[in-house]
Amino acid sequence: MEFADAALLLGAGLAAGTVNAVAGGGSLITFPALLAVGLPPVPANVTNSVSVFPGYGAAVAGSWMDLPRGRLLATLVPTTILGALAGAGLLLVTPARAFEVVVPFLVLGATAVLAFQDPLRRLVGHPGDLSPRRRGLMIQVVVALAAVYGGYFGAAVGVMLVAALALVLDASLARVSAIKNLLSAIIGLTGVAVFTLAGPVNWVGVALLAPATLVGGYAGARLVRRLPSGLLKAIIVVFGTTIGLYLLWRSFR
């Protein structure tokens, strides 16, 4: 790999790790970078999934103090793993084109859910007013759907998780972001396990991207703790809209 290509991947990994911790969607930086250095789409997607995992792990470390204590996370881990396994399996056995057409609308829809969180809460009910059983079921469903998407494609899974969890959890956005980091790391680890065994991973690309996402992920998680909730929400909405429109343009060009 030439020096310019290596420098491109290092810079993309650093930026992606930071973006993933703050808003999600950093794969929209690393995936095009891998395409730019000459990888075909499927190996680039698989290599990207393996590469960004260390950044998610670092983001978890940086936001550990904001994670809730109790049974919630324990109940979400199996759902996340099963969903991610299903998504990774779909990537390996089905054509990508049909899903790529749907992806932009999923991202834009998730961003709209976060942007109009308060009106939607009035429509479906505030999390604090829902019965524990209904709230628990809603959380499981949205996490399962996000995990399937994350195992399949991964880009903007953080935006989807933040939007969905913010709608069904009565918690600060910093805490929601911390949960998003943990679930994203689990999705990433599941993808690493599947793609290492069965996917066409480019390990040179991983060696360049992974350390950079590690540094960026920790820095981004520390930054989130210092941002006001309103500003953090605005950043995620703007970034999610940008990602969705970019994917829409890329899908139909």
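This is a short tour of a few helices in a predicted model, with a suggestion at each stop for what to select.

**Stop 1: helix α4**

Start by selecting residues 72–93, which form helix α4. Its 22 residues reach 32 Å from the first C-alpha to the last, close to the 32 Å expected at 1.5 Å a residue. Now colour L73, L76, T79, T80, G83, A84, G87, A88 and L91: these are the buried residues of α4. Turn the view until you look down the axis of α4, and the buried residues fall within an arc of 165°, so they line one face of the helix. The spacing fits a general rule: an α-helix has 3.6 residues a turn, so residues three or four places apart point the same way. Swing round to the other side of α4, where A74, L82 and V93 are exposed.

**Stop 2: T80**

Stay in helix α4 and pick out T80. Is T80 buried or exposed? With a relative accessible area of 0%, T80 is buried. Show its surroundings as sticks: leaving aside residues up to four places away in sequence, T80 touches V143, A147, L183, I186 and I187.

**Stop 3: the partners of α4**

Which helices do the buried residues of α4 pack against? Add α3 (41–62), α7 (132–152) and α9 (173–198) to your selection to see them.

**Stop 4: α7 on α9**

Hide the rest and keep α7 and α9, which pack at an angle of about 40° with their axes 10 Å apart. That angle makes α7 oblique to α9, and the crossing of the two is right-handed. For the contact itself, select V143, A146, A147, G150 and G151 in α7, which meet L183, I187 and F195 in α9.

**Stop 5: α3 on α9**

Next, swap α7 for α3. Here the angle between α3 and α9 is about 145°, and their axes lie 8 Å apart. This time the crossing is left-handed. On the α3 side, select V46, S49, V50, F53, Y56, G57, A59 and V60; they meet N181, L182, S184, A185, G188, L189, V192 and F195 in α9. F195 in α9 may look familiar, since the residues of α7 listed at the previous stop meet it too.

**Stop 6: helix α8**

Finish with residues 157–168, helix α8. It has twelve residues and reaches 17 Å between its first and last C-alpha, close to the 16 Å expected at 1.5 Å a residue. How many residues of α8 are buried? Twelve of its twelve are, which leaves α8 mostly covered. Among them are V157, G158, M160, L165 and V168.

Notes:
Residues numbered from 1 in each chain as written. Predicted model: local features only at pLDDT ≥ 70, side-chain atom pairs only at ≥ 80, totals over all residues. Heavy atoms only, no water. Helix = DSSP H or I, 4+ residues; strand = E, 2+ residues; numbered from the N terminus. Expected span 1.5 Å × (residues − 1). Buried < 20%, exposed > 50% of the residue type's maximum accessible area, 1.4 Å probe, protein only. Arc of directions from axis to C-beta. Contact = heavy atoms within 4.5 Å. Axes fitted to C-alpha atoms, helices over the stretch in contact; angles between N-to-C directions. Parallel < 35°, antiparallel > 145°, perpendicular 65-115°, else oblique. Left-handed = near helix turned anticlockwise from the far one by under 90°.
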